[in-house]
Amino acid sequence: WIEHWSRDNFRKVGYGLGAASLLSVPVGYPLLSAALATTTAAYWTIGLNDIGQTKQTIRRNFPVLGNMRYLLESIRPEIRQYFIEADDEQSPFSRSHRTIVYMRAKGIESTQPFGTRRNVNAVGYEWAQHSLYPTKIGEQRILIGGNNPHTTQPYSASMLNISAMSYGALSDRAILALSAGAKLGNFYHNTGEGAISKFHREGGADLVWNIGTAYFGCGTFDDNGARVFDPTLFVDNSKYAKMIEIKLSQGAKPAHGGMLPKEKISPEIAEARNLPYPPIHDCNSPARHSAFNNEQELCDFIIQLRKLSGGKPVGIKLCMGHPEEFASLVRAFLEHEESGGFPDFITIDGSEGGTGAAPP
């Protein structure tokens, strides 16, 4: 009967509800009369609004009843999560993984007795290989910049860290929580290209300063309104970072820059990114850097940042695109080996990442 629902049927049902409301008055049940009258009024209000609007065809052609589609669509994730989804089915984090995180966050014992619940015979099942003679392995860390004589402040990094997520894309409380957690766990927190905010500093973690094309926290506007690198600002903020990361490209924004709407620019965001407040226009991150135009100039920029930061490790972040471009980078790094024009680390980004500043 759903496919036969129409505006005419909507009116017929509405007339029937109106008649029922009027006929219920002499019966002597005021609550029943009030309920019918309220239902009738809501029915006509919703239906006429559906017919009058022009944004959703389903509501316009199936007044009142068409709203059920959007209601069910809105609760679809919850229905799937609570009634349909298997414990090990969802991606990127299954329900069983999320449960472990919740339990550990609350300080509850997360060990499950009586063996595994996973299908060990499934195709693609992963396991840890046993050894008859296991050894005790201490904390595993990597000394970044330790083999580079030009890096006078190498950094001992953990194997697992917090990747780049900007303040602005995340709230102040989220940044505080991540930074405080990184300090407790003794691993670093990448700032993302949104610069070093006061919330990063307040959390107390070791910070990796991600520098994007807009040079937030280390850039100003030139006479044409474009963002350019400012060495003085860089020196002022680099003292809060353990390492510097030049973001060349990002998987979530292929061949595009970023766009931060002016409505999102708060006083705290403007302070961290060295933007005017109140904002006059949207803040656009260009698709490419203005401080360098080729791999040779990138090498010079790496040398400059390492010197300005007092010898801290400088790396690059990129999403692998054309292999020949990366090969050119490697050749340039080898040519600048003596001068130190090569990165201390390389971060490879993938298309599975997200962004809080997607371009239009």
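This briefing describes a surface patch, a cavity and several salt bridges. The model is predicted. A nonpolar patch of about 830 Å² lies on its surface, one cavity of 30 Å³ or more is counted, and seven salt bridges are found in the whole structure.

**Nonpolar surface patch**
- The patch is made by Met 68, Leu 71, Leu 72, Ile 75, Ile 79, Tyr 82, Phe 83 and Ile 84.
- Helices α4 (67–74) and α5 (76–84) each give two or more residues to this patch, and α5 provides the largest share, with four residues.
- Ile 75 sits in the loop between α4 and α5; Ile 75 counts as partly exposed because its relative accessibility is 34%.

**Largest cavity**
- The largest cavity has a volume of about 50 Å³.
- Its lining consists of Phe 221, Ile 265, Leu 275, Pro 276, Pro 279, Ile 280, His 281, Asp 282 and Cys 283.
- Seven of the lining residues are nonpolar, one is polar and one is charged.

**Salt bridges**
- Arg 69 and Glu 73 form a salt bridge (3.7 Å, N to O); they are four residues apart in helix α4, so about one helical turn separates them.
- Arg 69 is partly exposed at 40% relative accessible area, and Glu 73 is partly exposed at 45%.
- Glu 139 pairs with Arg 141 in a salt bridge (2.9 Å, N to O); Glu 139 is exposed at 58%, whereas Arg 141 is partly exposed at 25%.
- Glu 193 and Lys 247 meet in a salt bridge (2.8 Å, N to O). Glu 193 is in the loop between β3 and α8 and Lys 247 is in strand β7, so this pair ties together parts 54 residues apart in sequence. Both Glu 193 and Lys 247 are buried.

Methods. Residues numbered from 1 in each chain as written. Predicted model: local features only at pLDDT ≥ 70, side-chain atom pairs only at ≥ 80, totals over all residues. Heavy atoms only, no water. Patch = residues over 30% accessible without salt bridge, like charges linked within 9 Å, V, L, I, M, F, W, Y side chains within 5 Å. Areas by Shrake-Rupley, 256 points an atom, 1.4 Å probe, with all protein chains shown as cover. Salt bridge = Lys/Arg side-chain N within 4 Å of Asp/Glu carboxyl O. Buried < 20%, exposed > 50% of the residue type's maximum accessible area, 1.4 Å probe, protein only. 1 Å grid on protein atoms, 1.4 Å probe; cavity = no way out; pocket = protein on both sides within 12 Å on 5 of 7 lines; lining within 4 Å. Points joined across faces, edges and corners; volume = space filled by probe spheres on them. Nonpolar A, V, L, I, M, F, W, Y, C, P; charged D, E, K, R; others polar.
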